[in-house]
Amino acid sequence: MKGAKEANSYTFDWRLKEQAHVTALLLREHFGTGSWRVAKWVVIGIVVLSALFAAGLALLGDVASAMTLAPLLLLLGVLLAVFYRLTGWLRAWQVQRIDPNVAHPLTHTLDEAGLHVSAQTVNVDLKWAGLHKVRETPAFFLFYYSRRWAYYLPKRACVSEAEVERLRAWIRAQLPPGVPYDDEALRGR
């Protein structure tokens, strides 16, 4: 790893599976906070209560009404599960279709100023102080520029686990007070 005054540069090819994984992770995180968390549980509660209501109707002898509700509840449950599972893949497919940059190598450079993302047609500079947080997962470093959105650096771009560990320590040293480092990848160790 280079010194703190030098840049740490990583070039990698975009992968659909990684984009789908990160998008799903961000979506789960989004629906796990605030009013979205409440809305998610309200919808799940309505589906569960409706299923119990249909089962109650069947037990009370009104099988025709229960049979009318059952397919609708099953369809709603399947749609919710599919939405939850496929949203990341659908978004990744959309990115692949509309973003010409994903057909070319991406370069993430980290230096004292922040994270610099370079692609075929765009360059983005994020200052350390402007980050919402940095999160490490088993496969990625995520650099949140808002509560919902993040750039990701796949750990596969590093040549070894030792380099990942050095990069982790280096990033932590760069973060100003108030910008948290969430080390999800280390919790299980």
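Here a biologist and a modeller talk through one predicted protein model.

Modeller: This is a predicted model, where local features need pLDDT of at least 70, side-chain atom pairs count only at pLDDT 80 or more, and totals for chains, interfaces and linings use all residues. Residues are numbered from 1 along each chain as its sequence is written, and side-chain values use heavy atoms, with hydrogens and water left out.

Biologist: Thanks! How many helices and strands are there?

Modeller: The protein has five helices and eight strands. Helices (H or I, at least four residues) and strands (E, at least two) are DSSP runs, numbered from the N terminus.

Biologist: Why is asparagine 101 called buried?

Modeller: Its relative accessible area is 8%. Buried means under 20%, exposed over 50% and partly exposed in between, using a 1.4 Å probe and protein chains only, so asparagine 101 counts as buried.

Biologist: Where does asparagine 101 lie, and which residues is it in contact with, leaving aside neighbours within four places in sequence?

Modeller: Asparagine 101 lies in the loop between α3 (63-98) and β2 (106-111). Its contacts are Leu106, Ala119, Gln120, Thr121 and Val122, where contact means heavy atoms within 4.5 Å.

Biologist: What about leucine 72: buried or exposed?

Modeller: Leucine 72, in helix α3, has 56% relative accessibility, and therefore counts as exposed.

Biologist: What makes α1 oblique to α3?

Modeller: Helix α1 (residues 16-30) and α3 pack at an angle of about 130°, with their axes 8 Å apart. Axes are lines fitted to C-alpha atoms, for helices over the stretch in contact, and angles run from 0 to 180 degrees between N-to-C directions. Angles under 35 degrees count as roughly parallel, over 145 as roughly antiparallel, 65 to 115 as roughly perpendicular and the rest as oblique. The angle of about 130° falls in that last group, so α1 is oblique to α3.

Biologist: Which residues of α1 make the contact?

Modeller: On the α1 side, they include Leu16, Ala20 and Leu27. Facing them on α3 are residues including Tyr84, Trp89 and Trp93.

Biologist: How do you know that α1 is mostly covered?

Modeller: Eleven of the 15 residues of α1 are buried, among them Val22, Leu25 and Leu26.

Biologist: What span is expected for α1?

Modeller: The expected span is 1.5 Å times one less than the number of residues, which for α1 gives 21 Å. From its first C-alpha to its last, α1 reaches 21 Å, close to that expected value.
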